[in-house]
Amino acid sequence: MKKIGVGVIGMGFGSILLSLNTQKSYSQEVRGNSEPGDTGECLFEIRGIADAWKPVEALAELAEKFGVAHYSNDYKEIVTLPDIDMVAVYVPDALHHEISMAALNAGKHVLCTKPLTSSLDDAIEIVKKVESSGLKFLVGQTMRFEPQYASIKKLCDDGDLGNIVVASAHYVHDMRPVYLETPWRLTMPQDFIYGGLIHPVDVLRWFCGDVEEVHALGNKGLLTPGRKSDFDNYLVNLKFKSGIIGRAMACFDMVEPPLPMMEVDLMGTRGSATAEFTDFEPGVLRCKLDRLPARYPSAIPFPPQTSGDRGLGNTVMKYIRHFQDVLLGKCEPVPSAREGAKSIAVCDAAMRSMKSGKVEKVRDDF
Ligand SMILES: NC(=O)c1ccc[n+]([C@@H]2O[C@H](COP(=O)([O-])OP(=O)(O)OC[C@H]3O[C@@H](n4cnc5c(N)ncnc54)[C@H](O)[C@@H]3O)[C@@H](O)[C@H]2O)c1
């Protein structure tokens, strides 16, 4: 089958994608139970890479090693290449909008890592461009592709939990070691309300639907005084349009508590479920269903989705594989640009609420 040409912009987390040039098919872990006749063939071919801060010699070495035809320090040279069909955006958050728009304007489909953007206005501009152009856009919200959260989604869709009434999720991450590896998180504007709170907000939206209003509290951590931010830790109460009440917590400037890095708890009228994720570690889904006679919760373990030195390697491959199906016309992207923007809209309302001290409506005028 014809290959799909890819340009990858940003060679940090984005370097996971280079292995697409060395694998003929997706691993069994990534493919899951494929439909009959599905060979699991990997159709993506990285044809260009760009990275602004790495020396061009380092890019030349990567290009040689992985058989990539084009490389540059300037992303504009890559996103406009005629043999590139899709651009993958893996640059610091504040640049997602600029590079995604440049790719869309060049007529390319886009895969953008989370968060879609760092402002709601920028997100809306992308949604309008995507929907008027017919190009495909996937937001790489990794937690939707972790098997324990995908399994909770299945429980919800199959009605096993009944009507969800209360939902809660957290993401806690002591960022001090991360700043050492990626200093832009200190020196460039990176608001964790978009870059970090987006994880629990996006999965809660996936399970519970659109959010009507929020009330949020935030404070500034004391461990990284040099970080330019108003808030590093967030508690957000959510009222969903369906009537579900929820809470999202995200903390980035504290000594990491002995909790799972990410946890989601859903409480429903027929059953309740909770699922844990920690980078590099096995995950677990626990549930209690009214129709099962078990006194204790059932627990399903999941292996870590590690690949190479990346805790999320398999997870990224899962959404890449999903985007391949999208580009073959088999399905629509989930989460799409619009879904990504709806999660950004919740973070935007939370930011307004932290500043005003009031309950704030989530914008849905797009
Ligand atoms: N769970 C997840 O999905 C997950 C995990 C980690 C990172 N991320 C996201 O990935 C993105 C990159 O984070 P990272 O950890 O890889 O950072 P990183 O610093 O390791 O990599 C970013 C790369 O972008 C390059 N870059 C900067 N400006 C550029 C420009 N104008 N043009 C081209 N390249 C440019 C830098 O040289 C750097 O190599 C962020 O948006 C982050 O939020 C997502």
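Student: What do strand 9 and strand 10 form, and how many residues lie between them?

Tutor: In this predicted model, strand 9 and strand 10 make a hairpin, with four residues between them. In the turn, Gly243 has a positive phi of about 100°.

Student: How do you know that strand 9 and strand 10 are paired?

Tutor: Pairing requires at least two bridges, and seven bridges join strand 9 to strand 10. The two run antiparallel, with Leu238 standing opposite Gly246 in strand 10.

Student: Which sense, parallel or antiparallel, do strand 7 and strand 10 take?

Tutor: Strand 7 and strand 10 pair in the parallel sense, over seven bridges. One pair to look for is His170 with its bridge partner Met249 in strand 10.

Student: What makes strand 8 and strand 15 count as a pair?

Tutor: Two bridges join strand 8 (residues 211-219) to strand 15, and at least two are needed, so the requirement is met. They run antiparallel, and Glu213 stands opposite Lys361 in strand 15.

Student: What is the strand order of the open sheet of nine strands?

Tutor: The order is 14-13-12-11-7-10-9-8-15, and the pairing is mixed.

Student: Why do strand 14 and strand 15 stand at the edges?

Tutor: Strand 14 (298-302) and strand 15 (360-361) each have a single partner strand, so one side of each lacks a neighbour in the sheet.

Student: Which strands does helix 10 lie across?

Tutor: Helix 10 (residues 198-208) lies across strand 7 (164-172), strand 8, strand 9 (233-240), strand 10 (245-251) and strand 11 (262-268). Its direction is at about 160° to strand 7.

Student: Now the other sheet: what is the order of its six strands, and how do they pair?

Tutor: This open sheet has the order 3-2-1-4-5-6, with parallel pairing. Strand 3 (70-72) and strand 6 (137-140) are its edge strands, since each pairs on one side only. On average, neighbouring strands are turned by 20° against each other, direction ignored.

Student: How many bridges join strand 1 to strand 2?

Tutor: Six bridges join strand 1 (residues 4-9) to strand 2 (residues 44-50). Among the partners, Ile4 is matched with Phe44 in strand 2.

Student: Which strands does helix 2 touch, and which does helix 11 touch?

Tutor: Helix 2 (residues 56-66) packs on the sheet against strand 2 and strand 3, making about 170° with the direction of strand 2. Helix 11 (residues 313-327) touches strand 1, strand 2, strand 4 (86-89), strand 5 (109-113) and strand 6. The direction of helix 11 makes about 170° with that of strand 6.

Student: How do you know how helix 4 and helix 5 are oriented to each other?

Tutor: The axes of helix 4 (residues 96-105) and helix 5 (residues 120-133) cross at roughly 15° and come within 10 Å. Angles under 35 degrees count as roughly parallel, and therefore these two helices are called roughly parallel. Their crossing is left-handed.

Student: Which residues meet there?

Tutor: From helix 4 come His97, Ser100, Met101 and Leu104, which meet Asp122, Glu125, Ile126, Lys129, Val130 and Ser133 in helix 5. By class, that contact has four nonpolar, three polar and three charged residues.

Student: Finally, what makes the protein chain as compact as a globular protein of its length?

Tutor: The chain has 12 helices and 15 strands. Its radius of gyration is 20 Å, close to the 21 Å that the globule rule gives for 366 residues, so it is as compact as a globular protein of that length.

Definitions and conventions
Residues numbered from 1 in each chain as written. Predicted model: local features only at pLDDT ≥ 70, side-chain atom pairs only at ≥ 80, totals over all residues. Contact = placed C-beta atoms within 7 Å. Axes fitted to C-alpha atoms, helices over the stretch in contact; angles between N-to-C directions. Parallel < 35°, antiparallel > 145°, perpendicular 65-115°, else oblique. Left-handed = near helix turned anticlockwise from the far one by under 90°. Nonpolar A, V, L, I, M, F, W, Y, C, P; charged D, E, K, R; others polar. Rg over C-alpha atoms; globule rule 2.2 N^0.38 Å.
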